[in-house]
Structure formats: C-alpha cells, structure tokens
Amino acid sequence: MGEGTGGTGVDLDGQGWSATRSWVEKGLSGAERIDGVVRLRGGWTSEMRRLDLCGPDGRRSLVLRSFVKPFYVRHAEGLLAREAAVLRLLAGTDVPAATLTAVDATAQYCDHPSLLMSLLPGTVRLDDQGAEDRAELLARQLVRIHRLPVTASQRPRAYQAWASPERVAPPAATERPELWRRAVDVIRREPPAHQGRFLHRDFHPGNVLFTGTGADLRISGVVDWVETSWGPADLDVAHCSTALALLHGVPAGMRFADRYAAAGGSLADDGTAHLYWRLLDALGFAPEAEKVAVPWRELGRADLTAGVLTQRLEDYMESLFERYA
C-alpha cells in the first residue's frame, strides 16, 4: 500500500493487537522500534496500517495487512500465502510491487492473519480530473503484468468467477429487468476457450498508486495481490473496465479495452467471447456495487451513491451489448 492514502493515528496495543505488535517487533533489525501507526483508508477485505519505524539507521515505514472480518479470516491462509508467493515472484520483475517482509497466514503468532511488506510511494487517485491519462498508464501496466514469464511451478491457481447465473441479484428498483435477464443468459454458457495469462485479478484504480502530474505522471505501485490467478487477459481487462465505468462514467469503461489493445495486449478475437468475460465481471458488482463504493467514498468520491452506480452499471452493460453482441 502507498503513503498518503490517509487515516488516523492508531496503536497496535489495544483492541487485540498486542500479539501482532510483538510479532512485528521481533522481526525488526537492530534497535528499530515502532514510532507511529496510521490506518490506511480504502480497503475492503482487510485492515491496512502503515507502521512508521525509527532506528540507528534512520526512519522507514512498512505496511501491515490484517484480516479481521470472519469471512476473510476463514480464507486468510490461502489468500495471504498466495500474496506472499506473488510478492516473492515479482521481486525480480519490473512490476512495481511491495517487497515481502513477513507473513503469518494462520495467525500462529499474531492476533489476526497478517502480512508485512514494504511501503510503496504514491497515492491512490480516483478523481475524474486526469482520469484519461491514468487510464493510459493502467493499460500499459496491465499488459506488462500479463506478459510476466512464469514457470509451471510458479503459475497461480486458475481464476475463479465472481458471478454465476443463480447468484446474480438485479437491483430491486431496476427499470430494465430484461437487460439483466439477457446478461445472465450470456454467462450461462460454458466459458470460452482462452489462452491463460498471469492475472492480477483485482486490477483497478483503487489498487494502483501514482506519483507526479502531467508529463511526470507515473505508476509507482500495484497492490493487493491476494486474488492473483491464471486465466484470460480479457477478465483482468473486464474488471478494470467495469471499475472505470463506475468511477468515471460508461465511456471510460468502454475505452479501456481499446487502450489495452493499443498498448500491445491481446484479447479474444470473437466479440461474443469478449462479451462473456466483460459481463461475467460486471454482474459480480450487482446489485449496487457497494463493495467498491464504500472504500471509494472513503477516498473522497462521495458522489458515487448507490443510485449513480446502479445507473452506470446498467448503462455499461447496455453499451457492452451494443458493441459486442
């Protein structure tokens, strides 16, 4: 996670965090100590904290990810073990990811399943101003991720779908029930044949850090690798496209696949196959996209009400049919 994402001063002593603090401190070098703790905003699955350290060699910061919600605690071992493995893999690449410091995926030593990593520079940027320039960089970064060479032993698990026909719940007040039925019918088919790629699987503006402005705008970090998978590039492109449509409007979501292709990425040649992956992702945000709306609002996008997001999601699905069906 990056600096400047905001938060409030907290500690690691109260509220059942003392064991986690001891675990962190035992791994510190020399006479280092925890000098401050800042909770980072914008997360959904886990609690993120920046730990500011001081010692004889100066100051540095680490980021602590801890799973505290019961659902994620149950799945923490797989999620954190996967993220730890991916961070080790990325250490020798040009992908700007954090460096793994330590992991306790089963809470053997910590109060909660936790992972400790380096702090990346930059901030999450979700405002509409500059969104076009950031989208260009997102597309290029995603192409580089998909091109990562991995051996058979390094290959992550196969992707898991985040929507299924029987689980899709349209918004209760929708005025376009036929649109939802049509979209669900698309994902009833078997998944299209595809070439597997190394996927981030949760690549969207909320998981990317930026530094600079204008000509100096750069991606300084890509975070949250717990869902890393093996699957079609279309699925990663779909997820970022849906997020852009919800954040910045339907045209932004519709342009991202073109940006990705222009950056050298390869997508399904068959429009109906690409439509499958796009709708499989979009339907996972139903009925009201609150999963992303809550952290986005924390980061300043108070305009993204449930009504706005529902309208954008439905308009986006309609645009997908118009272009790819």
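## Pocket, helices and backbone of a predicted model

The largest pocket is lined by 46 residues, and Trp44, Thr45, Tyr72, Asp202 and Lys291 lie nearest its centre. Helix 2 (70-74), helix 3 (76-90), helix 8 (271-283) and helix 9 (290-298) are the elements that give two or more residues to this lining, and helix 9 provides the largest share, five residues. The space in the largest pocket comes to about 1100 Å³. By class, its lining has 23 nonpolar, twelve polar and eleven charged residues.

This is a predicted model, in which local features need pLDDT of at least 70 and side-chain atom pairs count only at pLDDT 80 or more, while totals for chains, interfaces and linings use all residues. Residues are numbered from 1 along each chain as its sequence is written, and side-chain values use heavy atoms, with hydrogens and water left out.

A pocket is here an open set of points on a 1 Å grid over the protein atoms alone, where a 1.4 Å probe fits, with protein on both sides within 12 Å along at least five of seven lines; lining residues have an atom within 4 Å of a point. Helices (H or I, at least four residues) and strands (E, at least two) are DSSP runs, numbered from the N terminus.

Helix 7 (residues 250-262) has 13 residues and reaches 19 Å from its first C-alpha to its last, close to the 18 Å expected at 1.5 Å a residue, where the expected span is 1.5 Å times one less than the number of residues. At Phe256, helix 7 bends by about 30°, the bend being the angle between axes fitted to the seven residues ending there and the seven starting there. Its buried residues (under 20% relative accessible area, with exposed over 50% and partly exposed in between, for a 1.4 Å probe and protein chains only) are Val250, Ala252, Gly253, Met254, Phe256, Ala257, Arg259 and Tyr260. The cover over these residues includes helix 4 (131-146), helix 6 (233-248), helix 8 and helix 10 (306-324).

In helix 9, the buried residues are Val292, Ala293, Pro295 and Trp296, and what covers them includes helix 6 and helix 10. Ahead of helix 9, in the loop between helix 8 and helix 9, is Pro287, and the peptide bond from Ala286 to Pro287 is cis, with omega near 0°.

Most residues other than glycine have a negative phi, and most peptide bonds are trans. The table gives residues with a positive phi.

| Residue | Place | Phi |
|---|---|---|
| Ala107 | loop between strand 4 (100-104) and strand 5 (114-118) | about 55° |
| Asp224 | loop between strand 8 (218-222) and strand 9 (229-231) | about 65° |
| Gly264 | just after helix 7 | about 110° |
| Gly300 | just after helix 9 | about 110° |

Ala107 counts as partly exposed because its relative accessibility is 24%, whereas Asp224 is buried, with a relative accessible area of 14%.

Pro205 sits in the loop between strand 6 (197-199) and strand 7 (208-211), and counts as buried because its relative accessibility is 4%. Leaving aside neighbours within four places in sequence, Pro205 is in contact (heavy atoms within 4.5 Å) with Val124, Leu126, Leu138, Cys240, Ala243, Leu244 and Leu247.

Arg21 lies in helix 1 (residues 18-26) and is buried, with a relative accessible area of 16%. Arg21 and Ile34 are 13 residues apart in sequence, and their C-alpha atoms are 8.6 Å apart in space.

Technical notes
Grid points are joined across faces, edges and corners, and a volume is the space filled by probe spheres set on the points. Ala, Val, Leu, Ile, Met, Phe, Trp, Tyr, Cys and Pro count as nonpolar, Asp, Glu, Lys and Arg as charged, and the others, Gly among them, as polar.
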